[in-house]
Each structure stands twice: as structure tokens, then as C-alpha cells.
Amino acid sequence: MDVKESNIVSEFKKGFLQIYTGDGKGKTTAAVGIAVRAAGDGLKVIMVQFLKGGATGELNSAKLLAPNFVIKRFEKPRGFFWTLNEEEKSELKKEIGEAYDFCSSSLKEHGCDILILDEVMGALNNKLISIEQINDLISLKPDNMELILTGRNAPQSIIDKADLVTEMKQIKHYFEQGVSARKGIEY
């Protein structure tokens, strides 16, 4: 879906910057929960997913909630970042650049009520996007639009700009007992 196709006029008097970070499970899940709630109330939500190329349940859910909830991915499925060779990392960086351009346009054109940058902190931590680029996106946020950022290790300088920050902290996880990721729960 092209950003220009939508003529959204947000009902928000004030949109906020939210961050979901930490080493615990639930960052994307929290953002998807907001998206489901917002889409159910007729708001337009775009989620741009970084570093996620495989099949996930939220892709299917978004299809059911379209056109109010749309998930955009710009990357080819490849596997985990640390398994990629230099050529694949270079291609991935170009694709992340396309995602960044889309996010920038969405903010400039007010292409939705809520824009979610899922795993943008992972892209930052892997040097695929810069902190300056994230700050530029934050500065483009219209006053009446919500911006949600997710991912581990959010830098303090970005946390300081946020209106809401939730840290997901792992206390106990069944992964520690050898349980692998389960379809419909972890992806």
C-alpha cells in the first residue's frame, strides 16, 4: 500500500512516542496489541518490521484487519543477522534503507494514525540504521500521530525523547528448558 493512498486525519489531539525494549519476550506482541485495538476502533496502523523475513502469525492477523492494519517488510527472508555474509549484510542494509525511506514518507505525509517500527533497535544495534536516522524519524512525527519503536537495547538518548517506555524483563523463560519457538506464540 502506498502512503499516498491514505487521507488519514488522526483523531488524536496528541500522539506520543512509545518504546518497548528489554531482553524479555513481548515487545512486538505489545505493539501488535495496540495495533489490533486501534484497527478495531477504525484507526489506520502501519507496522514496518525490521530484521523479520519469515512467516509470523501477525502477518496473517494484519490481513484480517486490513486495511486498518498493514504490515510492511522490505527485506528478503535470509535467516539471523549473525549468520549472514558481507554481501548479504550489504543487501540487507539497502533494504533497511528502503524501509527507512518508507517510514520517513509515512511520517511526512501523515500516512497513518499509528506508525510502528518493529525491531528498529535491532537494526540500530547491528549498524544497519543510525541513531541519527532514528532521531530524524522521531523529529518528523506529526503532533497527532503515535510512533512506536520496539527492540532490545534502546539507547538512553532515544529513551529520553519518549513519552512512554516499557522494559520487558525476563524473569523466567521456558527456552531455558529447551523449548523452541512455537508457532502462534513466539512467531
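**Exercise 1. Strand pairing in the sheet**

Which residue in β3 does V48 stand opposite, and in what sense do β2 and β3 pair?

Solution. In this predicted model, V48 stands opposite K72 in β3.
- Step 1: β2 and β3 pair in the parallel sense, over five bridges.
- Step 2: The pairing belongs to an open sheet of six strands, with the order β3-β2-β4-β5-β1-β6 and parallel pairing.
- Step 3: β3 and β6 (164-167) are the edge strands, each pairing on one side only.
- Step 4: On average, neighbouring strands of this sheet are turned by 15 degrees against each other, direction ignored.

**Exercise 2. Helices on the sheet**

Find which strands α2 touches and which strands helix α5 touches.

Solution.
- Step 1: α2 packs on the sheet and touches β2 and β3. The direction of α2 makes about 135 degrees with that of β3.
- Step 2: Helix α5 (residues 131-140) also packs on the sheet, where it touches β1, β4 and β5. The direction of α5 makes about 160 degrees with that of β5.

**Exercise 3. Salt bridges**

How many salt bridges does a search of the whole structure find? For the pairs of D118, E91 and K89, give the partner and the accessibility of each residue.

Solution. The search finds three salt bridges. Side chains of opposite charge can pair when their charged atoms come close.
- Step 1: D118 forms a salt bridge with K52, and their closest N and O atoms are 2.8 Å apart. This pair links distant parts of the chain, with D118 in strand β4 (residues 114-118) and K52 in the loop between β2 (45-49) and α2 (57-65), 66 residues apart. D118 is buried because its relative accessible area is 0%. K52, with 18%, is buried as well, since the limit is under 20%.
- Step 2: E91 and K76 meet through their side chains in a salt bridge of 3.2 Å, N to O. E91 lies in helix α3 (residues 86-108) and K76 in the loop between β3 (69-73) and α3, 15 residues apart, and the pair links distant parts of the chain. E91 is partly exposed, at 27% relative accessible area, and K76 is partly exposed at 47%.
- Step 3: K89 forms a salt bridge with E86, the closest N and O atoms being 3.9 Å apart. Both residues lie in helix α3, three residues apart, which is about one turn of the helix. K89 counts as partly exposed at 21% relative accessibility, whereas E86 is exposed at 60% relative accessible area.

**Exercise 4. Two strand residues**

Is T21 buried or exposed, and is E146 buried or exposed? Which backbone nitrogen does each side chain reach?

Solution.
- Step 1: T21 is in strand β1 (residues 17-21). T21 counts as buried because its relative accessibility is 6%.
- Step 2: The T21 side chain reaches the backbone nitrogen of N153 at 3.3 Å. Leaving aside residues up to four places away in sequence, T21 touches several residues, among them K27, G151, R152, V165 and T166.
- Step 3: E146 is in strand β5 (residues 146-150). E146 counts as buried because its relative accessibility is 8%.
- Step 4: The E146 side chain reaches the backbone nitrogen of F16 at 2.9 Å. Beyond residues up to four places away in sequence, E146 touches residues including F12, K14, F16, D113 and I114.
- Step 5: E146 and Q177 are 31 residues apart in sequence, and their C-alpha atoms are 38 Å apart in space.

Conventions: Residues are numbered from 1 along each chain as its sequence is written. This is a predicted model: local features need pLDDT of at least 70, side-chain atom pairs count only at pLDDT 80 or more; totals for chains, interfaces and linings use all residues. Side-chain values use heavy atoms; hydrogens and water are left out. Helices (H or I, at least four residues) and strands (E, at least two) are DSSP runs, numbered from the N terminus. Buried means under 20% relative accessible area, exposed over 50%, partly exposed in between (1.4 Å probe, protein chains only). A polar contact is a pair of N or O atoms within 3.5 Å; within protein, one must be able to donate a hydrogen and the other to accept it, and residues adjacent in sequence count only if both atoms are side-chain atoms. Contact means heavy atoms within 4.5 Å. A salt bridge is a side-chain nitrogen of Lys or Arg within 4 Å of a carboxyl oxygen of Asp or Glu. Two strands pair if DSSP finds at least two bridges between them. Axes are lines fitted to C-alpha atoms, for helices over the stretch in contact, and angles run from 0 to 180 degrees between N-to-C directions.
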